[in-house]
Amino acid sequence: MTSANGPARPALPSLLGLGPRAERRRRTLPAGVLRLPTIGVDIGGTKVVAGVVDGEGRVLDRLRTETPDKSKSPKVVEDVIVDLVLQLADKHDVHAVGVGAAGWVDAERSTVLFAPHLNWRGEPLQQALSSRLRFPVVVENDANAAAWAEWRFGAGRGEDHMVMITLGTGIGGAVVRDGYVDRGKHGLAGEFGHMQVVPGGHRCPCGNRGCWEQYSSGNALVREARELAAEESPVVQPLLARAGGTPLGITGPLVTEAAREGDPVAVELLYEVGRWLGVGIANLAAALDPGRFVVGGGVSEAGELLLAPAQDAFRRTLTGRGFRPEAEIVHAALGNEAGLVGAADLARQVARRFRTVKRRRVERATTH
């Protein structure tokens, strides 16, 4: 694009080096830049966690607080983020802030288009935070941030085409390819949980029916367990007793704990979630053909109780099975810290650009 005064200036994200090329250069950044501590913020439906992260992905310090109710104004959440960042900045020499948000983030990584657990609708979060902090700020989808962390420091290391699946209340996901996060044209790639796997199936909050996350997620696990308990089936009585005798007391972690201790109904429930996980991964393999799937999120803490049936269903469902290479399916390595670590590491690129621009301004000022 050009103007009357010559070529148009690039958008802010381009100036800060936030595009795919900048991410591909990530491995070749100077050692001094790699060591820059940055802050990552992970915003979920129930908690906001902020931490200082070094260039090796280690969390040096962290703070946590509850997420404000989604009925409150966007500024209330921004106040929480700013407070946590400033508390950490008082104790550490940090150079940038990365925010991982559970929601849709635009391609420029500046605006939260929609966040289901917060009152953010077209919220210019990057601008709002930058105006209150003395650091450069980058906003990222939380699944993208987690995938980047796993690729850089965790279970995705060494794989140039990785897909991340995050199993929590629903299903999130992200793709890291050739050293950059593939966000799609509009920044909305990775919404794998809303692929339709059962036409006319369970109603999903997204408005459709039969979405993948209605069969393989924390919500799916709890729904099936509670429905079985509500039917007063004798086979579910041990699980119901763990829940205090009420179906509403059944939670995902409770089912996982029972399965680990050998409860047959809990094992069966996790098996079913794992089976659907494998079916969905086979669909993604047909579309994307990655070398490795990394499965994270709270439900993944069930480990082989979930991954073993997923791998079996994947092999039985994969198109062209027996005549093509099979992607690995592995458990994520960084746990709940992946989103925080990834957001901070992505922000480190911004810190590099910011320091370079600042240095050049100083040099120009001293030579005139």
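How many bridges join β6 to β10, and do these strands run parallel or antiparallel? In this predicted model, β6 and β10 are joined by 5 bridges and run parallel. One residue pair shows the register: Val 99 has Val 139 as its bridge partner in β10.

Some totals give the setting. The protein chain has 368 residues, and 52% of them are buried. Its secondary structure comes to 12 helices and 15 strands. Of the contacts between residues at least 6 apart in sequence, 64% join residues at least 24 apart.

The pair β6 and β10 belongs to an open sheet of 5 strands, in the order β5-β4-β3-β6-β10, and the pairing in this sheet is mixed. At its edges are β5 (59-66) and β10 (137-141), each of which pairs on one side only. From one strand to the next, the twist averages 15 degrees. Helix α4, made of residues 74-89, packs on this sheet and touches β3, β4, β5 and β6. The direction of α4 makes about 150 degrees with that of β5. Helix α6, residues 142-153, also packs on the sheet, where its contacts are with β3, β6 and β10. The angle between the directions of α6 and β10 is about 95 degrees.

Strand β3, residues 38-43, shows how the pairing comes to be mixed. With strand β4 (residues 47-53), β3 pairs in the antiparallel sense over 6 bridges. The two are joined by a hairpin of 3 residues, and Ile 39 has Val 52 as its bridge partner in β4. With strand β6 (residues 97-101), by contrast, β3 runs parallel, and 5 bridges join them. Here Asp 42 is matched with Gly 100 in β6 as its bridge partner.

Is β3 mostly covered or mostly open? Of its 6 residues, 6 are buried, and the strand counts as mostly covered. In a regular strand the side chains alternate between the two faces of the sheet. On one side of β3 are Thr 38, Gly 40 and Asp 42, and on the other are Ile 39, Val 41 and Ile 43; all of these are buried, and both faces are covered.

At one edge of the sheet, strand β5 contains Asp 61. Why does Asp 61 count as buried? Its relative accessible area is 18%, and the cut-off for a buried residue is under 20%. The side chain of Asp 61 makes a polar contact of 2.9 Å with the side chain of Lys 91. A further polar contact, of 3.0 Å, joins the side chains of Asp 61 and His 92. Leaving aside residues up to four places away in sequence, Asp 61 touches Ala 50, Gly 51, Val 52, Leu 88, Lys 91 and His 92.

Another open sheet has 3 strands in the order β7-β8-β9, with antiparallel pairing. Its edge strands, each pairing on one side only, are β7 (104-105) and β9 (120-123). Strand β8, residues 112-115, is joined to β7 by 2 bridges, and the two run antiparallel. Phe 114 in β8 is the bridge partner of Trp 104. The loop between β7 and β8 holds Thr 111, which counts as buried because its relative accessibility is 16%. Not counting residues up to four places away in sequence, Thr 111 touches Trp 104, Val 105, Asp 106, Gly 122, Glu 123, Pro 124 and Leu 125.

Further along the chain is helix α10, with 25 residues (264-288). At 1.5 Å a residue, α10 should span 36 Å, and its end C-alpha atoms are 35 Å apart, which agrees. At the start of α10, a side-chain oxygen of Asp 263 comes to within 3.0 Å of the backbone nitrogen of Val 265. After α10 comes Asp 289, which has a positive phi, near 50 degrees.

The last stop is a pair of strands, β14 (residues 292-296) and β15 (residues 328-331), which pair in the parallel sense over 4 bridges. Val 295 has His 331 as its bridge partner in β15. Between these strands the chain passes through helix α11 (residues 304-317), and the β-α-β crossover from β14 to β15 is right-handed.

Conventions: Residues numbered from 1 in each chain as written. Predicted model: local features only at pLDDT ≥ 70, side-chain atom pairs only at ≥ 80, totals over all residues. Heavy atoms only, no water. Pairing = 2+ DSSP bridges. Buried < 20%, exposed > 50% of the residue type's maximum accessible area, 1.4 Å probe, protein only. Contact = heavy atoms within 4.5 Å. Expected span 1.5 Å × (residues − 1). Polar contact = N/O pair within 3.5 Å; in protein donor to acceptor, adjacent residues only side chain to side chain. Axes fitted to C-alpha atoms, helices over the stretch in contact; angles between N-to-C directions. Right-handed = clockwise from strand over helix to strand, strands pointing away.
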